[in-house]
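Hello,

Here is the structure I promised to hand over to you. Please have a look through it first, and then read on for my notes.

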Amino acid sequence: MDVGCSTIWQCDITPSILTSPRQLSVPSVVPGLLSIFHEQELAETIHDTNGHGYLATFVGKNGRLVILRVHSHGLVTIDLQCYEEDNVAQLDNLLNSLEKKLKVILNGNIARTKKLPPLVRGAKVDRYWPTADGRLVEYDIDKVVYEEDSPYQNIKILHSKQYGNILVLDGDVNLAESDYAYTQAITGSGKENYAGKEVLILGGGDGGILAELVKHKPKMITMVEISFIGVGLSDTDAYDPLIQCNFTSVASFINQWKFTCKNTLCPI
């Protein structure tokens with residue numbers, strides 16, 4: 001399997017050197033940078049931007065692809081794409097040379113530069129997962145522990161060296177073994193006494209809350225969860241006389257609810 005890497009580099013030019021009205025003189029920047037790409041034997045293709053700065057792509061014999069964009073408002077971006085086995089030192093040298101050359105061309109008038117870590121594409125194990133608010137997080141995932149489609153959702157358990165096993169539902173990271181403090185908080189962090197009581201868990205998910213409550217020796221634990229394929233319960237748990245599992249939706253269960261529990265937990 002070919003694994004690709006994409007490295008993004010950007011440079012913000014000091015606003016004071018931009019021509020009026022805050023425009024970057026593209027002809028003064030581009031020629032000096034092109035020589036570096038040519039030294040790397042990268043073939044150049046210039047694209048029409050309809051007056052919006054400069055855009056060119058450079059392709060190398062070894063499969064490298066570089067996208068150079070010089071924005072008229074003073075932002076220079078470079079997207080360098082290659083294969084994982086490519087010469088990393090050579091690629092770093094290319095970006096370093098471009099940065100040094102740009103500083104010379106602009107007489108040091110650079111507000112800031114930033115190089116992001118390579119984004120790996122096509123790897124056997126996906127390490128990038130989006131958050132609910134649209135951010136992308138990279139985890140140190142080294143293997144897929146479990147994956148299956150239930151009638152309701154796709155279930156994955158991934159292993160991370162930092163976070164332990166991670167539960168992912170329909171592509172959304174749910175929680176990890178490192179989130180034990182979350183489980184403790186839901187159960188009351190030791191302030192609640194569950195001994196001898198009947199406890200209802202609505203939406204048990206990974207089974208972490210169930211495992212925590214068993215330690216408190218309640219009279220009975222009823223757990224409602226719509227999907228439990230491969231997650232949460234071991235064979236031993238499923239046949240524990242203190243545990244009753246209802247594999248149905250919470251709404252359906254509540255509509256048929258005919259008993260009273262001393263404690264109800266809703267780990268939403």
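Below I go through the helices, the cores, a sheet and a few single residues.

Please keep in mind that this is a predicted model.

**Helix α2**

A good place to start is helix α2, which covers residues 88-105. From its first C-alpha to its last, this 18-residue helix reaches 26 Å, close to the 26 Å expected at 1.5 Å a residue. Its buried residues are Leu-91, Leu-94, Leu-95, Leu-98, Glu-99 and Leu-102. These cover an arc of only 125° around the axis, which puts them on the same side of α2. On the other side of α2 you will find Ala-89, Lys-100 and Val-104, which are exposed.

What do the buried residues of α2 pack against? Their partners are β1 (4-13), α1 (30-39), β4 (65-70), β5 (75-83) and β6 (110-115). After α2 comes Asn-107, with a positive phi near 55°.

**Helix α1**

Helix α1 can be read in a similar way. Val-30, Leu-33, Leu-34, Ile-36 and Phe-37 are its buried residues. Looking down the axis of α1, you would see these buried residues fall within an arc of 155°, so they line one face of the helix. They pack against β2 (43-47), β3, β4 and α2.

The face of α1 turned away from the buried side carries two exposed residues, Pro-31 and Glu-39. Is Glu-39 buried or exposed by its accessibility? With a relative accessibility of 65%, Glu-39 counts as exposed because the cut-off for that word is over 50%. Glu-39 and Leu-94 are 55 residues apart along the chain, and their C-alpha atoms are separated by 9.6 Å. Following α1 is Glu-41, whose phi is positive, near 55°.

**The nonpolar cores**

Both helices also contribute to the largest nonpolar core, which has 31 residues. The members that touch the most other members are Phe-58, Val-66, Leu-68, Val-76, Leu-98 and Leu-102. At least two residues of this core come from each of β1, α1, β3 (54-59), β4, β5 and α2. As background, nonpolar side chains tend to be buried together in soluble globular proteins.

Val-76 is worth a click in your viewer. Leaving aside neighbours within four places in sequence, Val-76 is in contact with Trp-9, Gln-10, Cys-11, Ile-13, Leu-68, Arg-69, Val-70 and Leu-102. Apart from the largest core lies another, of nine residues, among them Val-199, Leu-210, Ile-221 and Ile-243.

**A sheet of four strands**

Next comes an open sheet with four strands in the order β10-β11-β12-β13, paired in the antiparallel sense. Which strands stand at the edges of this sheet? They are β10 (141-149) and β13 (172-176), each with a single partner strand, so one side of each is left without a neighbour in the sheet. From one strand to the next, the twist averages 25°.

Within the sheet, β10 and β11 pair over seven antiparallel bridges. One place to see this is Tyr-146, whose bridge partner in β11 is Ile-157. A hairpin of four residues joins β10 to β11. Strand β11 (residues 154-160) also runs antiparallel to β12 (residues 164-169), and six bridges join the two. There, His-159 stands opposite Asn-165 in β12.

**Two buried residues**

Ala-176 belongs to strand β13. With a relative accessible area of 13%, Ala-176 is buried because the cut-off is under 20%. Not counting residues up to four places away in sequence, Ala-176 touches Tyr-163, Asn-165 and Ile-166. Ala-176 and Asp-206 lie 30 residues apart in sequence, and the distance between them is 9.3 Å, C-alpha to C-alpha.

The other residue is Thr-183, in helix α3 (residues 180-186). Thr-183 is buried too, with a relative accessible area of 7%. What does Thr-183 touch, not counting residues up to four places away in sequence? Its contacts are Gly-208, Ile-209 and Glu-212.

I hope this helps you find your way around.

Best wishes

Definitions and conventions:
Residues are numbered from 1 along each chain as its sequence is written. This is a predicted model: local features need pLDDT of at least 70, side-chain atom pairs count only at pLDDT 80 or more; totals for chains, interfaces and linings use all residues. Side-chain values use heavy atoms; hydrogens and water are left out. Buried means under 20% relative accessible area, exposed over 50%, partly exposed in between (1.4 Å probe, protein chains only). Contact means heavy atoms within 4.5 Å. Two strands pair if DSSP finds at least two bridges between them. Axes are lines fitted to C-alpha atoms, for helices over the stretch in contact, and angles run from 0 to 180 degrees between N-to-C directions. The expected span of a helix is 1.5 Å times one less than its number of residues. The arc is that of the directions from the helix axis to the C-beta atoms. A nonpolar core is a set of buried Ala, Val, Leu, Ile, Met, Phe, Trp, Tyr and Cys residues joined through side-chain atoms within 4.5 Å.
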